[in-house]
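Please read the following report beside the sequence and the model. It begins with a single residue and then widens to strands, domains and the contact between chains.

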Amino acid sequence: MKQPSEGAKLTISLTVNGKPMELTVEPTERLLDTLRYRLGLPGAKEGCGEGECGACTVLLDGLPVNSCLVPTFQARGRHVESVESIAPGELAPMLRCGATQCGACTPGVVVTARWIQQHPELTVDRTPRELMAGNLCRCTGYDGIMDGLAEWMNAGADKGGAAS
Amino acid sequence: MKVHAPETLEQACAVLAQHAGALVPMAGATDLLVHWPGKQRDHDRAYLDLSGVAELRPLAWTDDSLKLGALTTYWDVLRDPQTARQFPMLIEAARQVGAVQIQTRGTWAGNIANGSPAADGVPVLMALDASVTLASTTGTRTVALADYYTGYRASVRRPEELIVSIEIPKRAYDITAFYKVGPRRAQAITKVGVAIAHASHAGGGGWRIVANSVAPTVCRCRSVESLLDEVGGKPFTAPDGFLTALRADVAPIDDIRSTAEYRLTVLARLLYHGLKGRTPSVA
């Protein structure tokens, strides 16, 4: 990262959904806003803006984070994956089980759910429900989400393990 | 807003010294960025972003301790099998800090530095006799976490110093427990919480009772600790037995999350529940 002068913009390199890029951003910019308003990736939603609701969840170096709490300059040299990186066809189990209704929480829900689906080893010592606790939903009552995730994980297991 | 992004600890200390400590250290940013767009005053400050200082990230085991780096996250600890065996109470606390999205970003050192009396990472560290190492261009020093806070969001850390590590000594614990009470099980800020630890005196242990959200800082309850050490007294058979000692140790208030009365009452119940039948003084 180029060292800034007072209030100056910052130039950083990062990878978003597999695409390496160089960006010049405001130091105050949040990853959520960079994705939505600079990169045209509006999937991540701003719900609470305080790291509680999970609607803005993306993966940063493969781990779920609230993008409303990530200063974009901290994503320098890192890999960001937003909901746009998920092929719609993958979401069939979630749709079948009623995991989505109004859609506000859905992008964050499926980012976290897919992360769990790809890392079944996480469920050895924590339940899927605990791992999903950072994604609040006010429509489904959660059962549809948990059923969809269970079906999604079974589909992954049928194929001989987690996706790469 | 101005951001300094050093890549080594030496650079970080040098930049901090150049600015006479007038930079806000930033690790996982989970406290700093809450409701960020509306915080114009915070936008005008200067920050020291530590996230590029790779040497501060790893946790390390020695023969007699666990050392957390300044950038070690809750998730790093949750995924460390040796911590689960040696310090299960750290795992208990880490699981109750926010949810995964916070656990992957939030750091133990940031929880200490932020200085909230409701910090959930601090009571367990304090109950395990953790010490904090601070570094500056003039050298390093280590202070007991129990002596770190001097008042509400105030500490012995000088502005030109950075927390660089947290060390937790290995001890033979026969009792450890952590209880957090919030409005719901997940994703809640603590109304009252307590960490309990007991190790044999031979190993430098004894009782450690550390409460959060009941005083201007996370604090050790030394009157309760001495009470539990008293031999030959009549054992407590109800939570109320702790109230007199607790009133000497903590000073809960009414605020948006709870009331002083609720906090004191529940803290006494947590202690009773956690200790009943596990020590001769609580039956």
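Leaving aside neighbours within four places in sequence, His4(B) is in contact with Val15(B), Leu23(B), Leu48(B) and Asp49(B), where two residues are in contact if their C-beta atoms, placed from the backbone, lie within 7 Å. This is a predicted model, in which local features need pLDDT of at least 70 and side-chain atom pairs count only at pLDDT 80 or more, while totals for chains, interfaces and linings use all residues. Residues are numbered from 1 along each chain as its sequence is written, and chains are lettered from A and ligands numbered from 1 in the order in which they are written.

His4(B) lies in strand S1 (residues 2–4) of chain B; helices (H or I, at least four residues) and strands (E, at least two) are DSSP runs, numbered from the N terminus. His4(B) counts as buried because it has 20 C-beta neighbours inside 10 Å. The rule is that a residue is buried if 20 or more other C-beta atoms lie within 10 Å of its own, exposed if 12 or fewer, and partly exposed in between, with C-beta atoms placed from the backbone. From His4(B) to Ile91(B) the separation is 87 residues in sequence and 33 Å in space, C-alpha to C-alpha.

Two alanines of chain B have a positive phi although neither is a glycine. The table sets out their places and surroundings.

| Residue | Phi | Loop of chain B | C-beta neighbours inside 10 Å | Class |
|---|---|---|---|---|
| Ala20(B) | about 50° | between helix H1 (9–18) and strand S2 (24–26) | 9 | exposed |
| Ala29(B) | about 65° | between S2 and helix H2 (40–43) | 23 | buried |

Further along chain B, strand S6 (residues 131–136) is joined to S7(B) by 6 bridges, and these strands run antiparallel; two strands pair if DSSP finds at least two bridges between them. The connection from S6(B) to S7(B) is a hairpin through 2 residues, and Thr133(B) stands opposite Thr142(B) in S7(B). Strand S7 (residues 139–144) of chain B is hardly covered, since the count of buried residues among its 6 residues is 0.

The interior can be described next. The largest nonpolar core has 129 residues, of which Leu125(B), Val194(B) and Leu267(B) touch the most other members; a nonpolar core is a set of buried Ala, Val, Leu, Ile, Met, Phe, Trp, Tyr and Cys residues joined through C-beta atoms within 7 Å. This core also draws at least three residues from each of domain 1 (10–84) and domain 2 (86–158) of chain A. Apart from its neighbours within four places in sequence, Leu125(B) is in contact with Trp108(B), Ala130(B), Leu145(B), Ile166(B) and Ile168(B).

In chain A, the domain assignment gives domain 1 (10–84) and domain 2 (86–158), with bounds that come from an automatic or database domain assignment. The C-alpha centres of these two domains of chain A lie 21 Å apart. Their contact takes 14 residues from domain 1 of chain A and 12 residues from domain 2 of chain A. On the domain 1 side, the largest share, 3 residues, comes from strand S3 (residues 57–60) of chain A. By class, that side has 8 nonpolar, 4 polar and 2 charged residues, where Ala, Val, Leu, Ile, Met, Phe, Trp, Tyr, Cys and Pro count as nonpolar, Asp, Glu, Lys and Arg as charged, and the others, Gly among them, as polar.

Within S3(A), Thr57(A) and Leu59(A) point one way and Val58(A) and Leu60(A) the other way, and all are buried. S3(A) is joined to S4(A) by 4 bridges and to strand S5 (residues 79–81) of chain A by 2 bridges, in both cases antiparallel. Leu59(A) has Pro64(A) as its bridge partner in S4(A), and Leu59(A) stands opposite Glu81(A) in S5(A). The hairpin of S3(A) and S4(A) has 2 residues between the strands, and in it Asp61(A) takes a positive phi near 50°.

Which strand gives the largest share of the side of chain A that touches chain B? The contact takes 27 residues from chain A and 23 residues from chain B, and the largest share of the chain A side, 4 residues, comes from strand S4 (residues 63–66) of chain A. By class, this side of chain A has 14 nonpolar, 9 polar and 4 charged residues.

As for confidence, the model scores ipTM 0.94 and pTM 0.95. The mean pLDDT of chain B is 95, and 98% of its residues reach 70 or more, pLDDT being the predictor's confidence in each residue, from 0 to 100.
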